[in-house]
Amino acid sequence: MLLAQFYTLTEEEIACIRYHMGAFTDKSEWSDYTGAVHRYPNVLWTHHADMLASHVKGV
């Protein structure tokens, strides 16, 4: 979100940043995450990439 100071982010980019943790958030946010995935499928792919990087590649 720090980039938003220098670049104009699309709603999809903001959603990807906001929900990159997927369901590893408070349960109260799960329906919002699901809605974001339905609206922007890249939200799911961003979460998937985050999981691969952190759990498989150890980044």
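How exposed is Arg 18, in terms of relative accessible area? Arg 18 is partly exposed, with a relative accessible area of 40%. We'll come back to this residue in one of the close-ups below. Keep in mind throughout that this is a predicted model.

**Figure 1. The whole chain, a run of three helices.** Start here to get your bearings. The chain is built from three helices and zero strands, so to read the elements from the N terminus, just say α-α-α. The C-alpha trace spans about 30 × 30 × 20 Å along its principal axes. There are 59 residues, and 17% of them count as buried. Take the contacts between residues at least 6 apart in sequence: 50% of these join residues at least 24 apart. As for the outside, the accessible surface comes to about 4600 Å², and carbon and sulfur atoms account for 63% of that. On the charge side, the chain carries 4 positive and 7 negative side chains, with the centres of the two sets 6 Å apart.

**Figure 2. Helix H2 and its buried side.** This view picks out H2, which covers residues 30–39. Which residues of this helix are buried? They are Tyr 33, Ala 36 and Val 37. These residues cover an arc of only 100° around the axis, so they sit on the same side of H2. That fits a familiar pattern: an α-helix has 3.6 residues a turn, so residues three or four places apart point the same way. Turn to the other side of H2 and you find Ser 31, His 38 and Arg 39, which are exposed. And what lies over the buried residues? H3 is included in what covers them.

**Figure 3. Arg 39 and Glu 11, a salt bridge between two helices.** The structure holds two salt bridges, and here is one of them. Arg 39 pairs up with Glu 11, and their closest N and O atoms are 3.3 Å apart. The pair links distant parts of the chain, since Arg 39 belongs to helix H2 and Glu 11 to helix H1 (residues 11–18), 28 residues apart. Are these two partners buried or exposed? Arg 39 is exposed, with a relative accessible area of 56%. Glu 11 is exposed as well, with a relative accessible area of 51%.

**Figure 4. Arg 18 and Glu 29, a salt bridge from helix to loop.** Here is Arg 18 again, this time with its partner. The side chains of Arg 18 and Glu 29 meet in a salt bridge, 3.1 Å from N to O. This pair also links distant parts of the chain: Arg 18 is in helix H1, Glu 29 is in the loop between H1 and H2, and they are 11 residues apart. Arg 18, as you saw at the start, is partly exposed at 40%. Glu 29 counts as partly exposed too, at 21% relative accessibility. The cut-off for buried is under 20% relative accessible area, so Glu 29, at 21%, does not count as buried.

**Figure 5. His 47, a buried residue of helix H3.** Zoom in on helix H3 (residues 42–56), where you'll find His 47. His 47 has a relative accessible area of 12%, so it counts as buried. What does His 47 touch, leaving aside its neighbours within four places in sequence? Its contacts are Tyr 19, His 20, Met 21, Gly 22, Phe 24 and Tyr 33. Tyr 33 is a name you've met already, as one of the buried residues of H2.

**Figure 6. Met 21, in the loop between H1 and H2.** Met 21 sits in the loop between H1 and H2. At 35% relative accessibility, Met 21 counts as partly exposed. Not counting residues up to four places away in sequence, Met 21 touches His 47 and Asp 50. Glu 11 is 10 residues away from Met 21 along the chain, and the C-alpha atoms of the two are separated by 17 Å.

**Figure 7. Met 51 and Trp 45, two more residues of helix H3.** Met 51 is found in helix H3, and so is Trp 45. Met 51 is partly exposed, with a relative accessible area of 24%, whereas Trp 45 counts as exposed at 53%. Met 51 touches Phe 24 and Val 56, not counting residues up to four places away in sequence. Trp 45 and His 20 are 25 residues apart in sequence, with 8.6 Å between them in space, C-alpha to C-alpha.

Key:
Residues are numbered from 1 along each chain as its sequence is written. This is a predicted model: local features need pLDDT of at least 70, side-chain atom pairs count only at pLDDT 80 or more; totals for chains, interfaces and linings use all residues. Side-chain values use heavy atoms; hydrogens and water are left out. Helices (H or I, at least four residues) and strands (E, at least two) are DSSP runs, numbered from the N terminus. Buried means under 20% relative accessible area, exposed over 50%, partly exposed in between (1.4 Å probe, protein chains only). Contact means heavy atoms within 4.5 Å. Accessible areas come from the Shrake-Rupley method with a 1.4 Å probe; for residues, only the protein chains shown count as cover. Lys and Arg count as positive and Asp and Glu as negative; His and the chain ends are not counted. The place of a charge is taken as NZ of Lys, CZ of Arg, CG of Asp or CD of Glu. The arc is that of the directions from the helix axis to the C-beta atoms. A salt bridge is a side-chain nitrogen of Lys or Arg within 4 Å of a carboxyl oxygen of Asp or Glu.
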